[in-house]
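Open the structure in your viewer and keep the selection tool ready. This tour tells you what to pick next and what you will find there.

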Amino acid sequence: MDHHTTVIIGAGQAGLAMSQVLSAHSVDHVVLERGEVANSWRKDRWDSLRLLTPNWQSRLPGDAHDETDPDGFMASAEVAARLAAYTSGFGLPVQTGTDVMSATSDPAGYRVGTNRGDLTCANLVVASGACVTASVPAAKAALPSGIHSATPLTYKRPSDLPEGGVLVVGASATGLQLAREIHASGRPVTLAVGEHVRAPRRYRGRDIQWWMDASGLQDTGYREVDDLDRVRRLPSMQLVAGSDTLDLNVLQAMGVRVAGRLTMIRDGHALFSGALANHCALADLKMNRLLDAVDAFAIKAGLAGETDPPERFAPTAVPDAPLLDLDFARGEIRTVLWATGYRPDHSWLDLPVFDRKGRLLHDGGVVTGAPGLYALGLPFLRRRKSTLIDGAGADARDLAHHMLARLADRQAA
Amino acid sequence: MTMQSAASVTDDAIANRPMGAIRSFFRRMRGTTHSIHQSERKDVAMNAQTEIKAADNGVNVEALLGAREAITGMPAAGQFKWRTRCDWIDGVHTQSTVDGFFGLGAEQERNARFEITTDHPEQFAAKNQGATPIEIVLSALGACLTGGVASVAQHRGIQLRKVTAFVEGDMDLAGVLGIDADVRNGFSGIRVRFEIDADATPEEIAAVVAQSQKRSAVFDIIANPGNVSVTVA
């Protein structure tokens, strides 16, 4: 049976960044990938998807990539091509077409079962992605038959959906982007809005990601936040590639109808929360605090003179009497699109490392109670940007150092 | 008793989230290490002032945070059952009694029992012995949100001087009287208007009120559907 010092599962940005860092430290390892390099970017994204972060922000360890369009936004195929070039450029040891079915403890550390046989390792890095399955609320079970149901992982383009109205559930970046393109395709959209994170695409003449990067907001560490569990569950910031803001006001101006959070489906009716106004007020207040922080940074960093003046945006418009009850029998809604978040798939990890809600227990990616087991690429794993391509390198370096110290200890012992 | 208190206070930190990063950024720029001096807090923060002010709204935030931590570690302790008993007096005059409840894994007693009397006004051909049940509902909403405002403000270091919630609900009697099947029995809309005098900016006050709604049990009960089962013994 093959043995490696380290096995990395997943050849996305997180696994590849770790592979590059380990290569630089001459740590023997292999990256196992179920499909091709950047498989999710090739297969599990909708057609129009582009990154939420500008090209300059897609930095990977050691990558001297000469950015021709720093302010552009990559399409998913371009991300896949970039990651493939990164892999070949560094000669990273990726074994494609290798489906991991299990991981168990072993005298050597861990034993990884794959469709190509088993291998053992002292260290195991789980980098199989944060967006592997669609998280869909229990309400879906009560959806009347005949109503088409889709998730962002199955959805590719509006024309795949039946003609007629679409209920998009969820107001993250995904929910807003899909609501926009589906509504524009002539399928009237109703958008169910719960807690959400609003932000302008550009602020004071610069991309919001530039501000968040320069001010250090993206580098906020997981130990610096007071309620880590909560920030790890926050929906993505409402953004779309380009220079235009995408928020609930933009969608409503297009004719999208907004309702409160979908609370339940009962007797063929979708019932929405009456708390829409407060969810919008909370998002507006939080956006303004973000902009306050940016303004404070601009003054401190001496940027106030060279950037546009501070600005505050119109509050989110809320209908006077938002929709509370939608009767599917009326035929107005033909499809429900569940943009209600994603989850990793760790079902193959046969180790006692999960909390009562099935989430991996870890301290900044160092899995609890399983020496040598690491996780990468999960929300706010070690810092705010942990799930960005730009965050993969810093997290990989941190965890590689932890791993190297562990290996040195074992050698000394 | 406001159910929202324990959880809402912790969200305060989230609301001020950007400051942690901004503070650490300035810390790096200054080349200092871990300690954050008070002067530093003052000059960077729009909300950091709340950390260095001592406010007293009479809410024991530490106890609530302790309860939150305890229940996080032992979820069964967080399973509560609230009860009231309602006796018919005469006409639409009723009297409800509130005493024990179940929680923290056991039946709980309190050192007093409370009575809530309801009736209807003379305009409804009743004797006006108490508020109507729907006014009790509006009162419960106002009370829950107001208690939440005090708790959130306490945790944010905001001293309150006066808080008043004016609660108003719209009702078309064609519903309860069975005149029009398209009209619901309950409120078609409820408005809460707060008047708050506090040591805080209008934005900070708005954030406290928003957070109070976010964690209010009664707000949730009213704004979201729930299942109710009624049986006869």
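The stops below go through chain A and then chain B of a predicted model.

**Stop 1: all of chain A**

Select chain A. Colour it by secondary structure. You should find 9 helices and 23 strands. Turn it along its principal axes: the C-alpha atoms fill a box of roughly 70 × 60 × 40 Å. Is the chain drawn out or compact? A compact globule of 413 residues would have a radius of gyration near 22 Å, and chain A has 22 Å, so the two agree.

Now colour by burial. Of the 413 residues in chain A, 54% are buried. Look at contacts too. Among those in chain A with a separation of 6 or more, 71% join residues 24 or more positions apart.

Switch on the surface. Chain A exposes about 16700 Å², and carbon and sulfur atoms supply 50% of that area. Then pick the charged side chains. There are 43 positive and 47 negative ones in chain A. The centres of the two sets lie 3 Å apart.

**Stop 2: helix H4 of chain A**

Select residues 173–184 of chain A. This is helix H4, with 12 residues. At 1.5 Å a residue it should span 16 Å; its end C-alpha atoms are 17 Å apart, which agrees.

Is H4(A) mostly covered or mostly open? It is mostly covered, with 10 of its 12 residues buried. Among the buried ones are A:Leu176, A:Leu178 and A:Ile182. A:Gln177, A:Glu181 and A:His183 are buried as well.

Next, show what lies over them. The cover on the buried residues of H4(A) includes these elements of chain A:

- strand S9 (165–169) and strand S10 (189–193)
- strand S14 (237–238) and helix H7 (248–254)
- strand S19 (333–338) and strand S20 (342–343)

Step past the end of the helix. A:Gly186 follows H4(A), and its phi is positive, near 95°.

**Stop 3: helix H8 of chain A**

Select residues 276–300 of chain A. Helix H8 has 25 residues here. They should span 36 Å at 1.5 Å a residue, and the end C-alpha atoms are 36 Å apart, which agrees. The rest of the structure largely encloses H8(A), because 18 of its 25 residues are buried. Just after H8(A) comes A:Gly302, with a positive phi of about 70°.

**Stop 4: A:Phe380**

Select A:Phe380. It sits in the loop between strand S23 (373–375) and helix H9 (389–412) of chain A. Check its backbone. Most residues other than glycine have a negative phi. A:Phe380 is not a glycine, yet its phi is positive, about 50°. Is A:Phe380 buried or exposed? Its relative accessibility is 5%, so it counts as buried.

**Stop 5: all of chain B**

Hide chain A and select chain B. It has 9 helices and 7 strands. Of its 233 residues, 37% are buried. Contacts between residues 24 or more positions apart make up 58% of those in chain B with a separation of 6 or more. Chain B exposes about 13700 Å²; carbon and sulfur atoms supply 54% of it.

**Stop 6: the loop between S5 and H6 of chain B**

Select B:Lys127. Its place is in the loop between S5 and H6. B:Lys127 counts as exposed because its relative accessibility is 57%. Which residues does it touch, leaving aside neighbours within four places in sequence? B:Lys127 is in contact with B:Asp90, B:Asp119 and B:His120. Add B:Trp88 to the view. B:Lys127 and B:Trp88 are 39 residues apart in sequence and 14 Å apart in space, C-alpha to C-alpha.

Move on to B:Asn128. This residue also lies in the loop between strand S5 (114–118) and helix H6 (133–155) of chain B. Its phi is positive, near 55°, in a residue other than glycine. B:Asn128 counts as partly exposed, at 38% relative accessibility.

**Stop 7: along helix H6 of chain B**

Select B:Val152, which is in helix H6 of chain B. B:Val152 has a relative accessible area of 0%, so it is buried. Now draw a distance to B:Pro133. The pair are 19 residues apart in sequence and 28 Å apart in space, C-alpha to C-alpha.

**Stop 8: B:Gly73**

End at B:Gly73, in helix H5 (residues 61–73) of chain B. With 66% relative accessibility, B:Gly73 counts as exposed. Draw one last distance, to B:Asn185. These two are 112 residues apart in sequence and 42 Å apart in space, C-alpha to C-alpha.

How values were computed. Residues numbered from 1 in each chain as written. Chains lettered and ligands numbered in written order. Predicted model: local features only at pLDDT ≥ 70, side-chain atom pairs only at ≥ 80, totals over all residues. Heavy atoms only, no water. Helix = DSSP H or I, 4+ residues; strand = E, 2+ residues; numbered from the N terminus. Rg over C-alpha atoms; globule rule 2.2 N^0.38 Å. Buried < 20%, exposed > 50% of the residue type's maximum accessible area, 1.4 Å probe, protein only. Contact = heavy atoms within 4.5 Å. Areas by Shrake-Rupley, 256 points an atom, 1.4 Å probe, with all protein chains shown as cover. Lys, Arg positive; Asp, Glu negative; His and termini not counted. Charge placed at Lys NZ, Arg CZ, Asp CG, Glu CD. Expected span 1.5 Å × (residues − 1).
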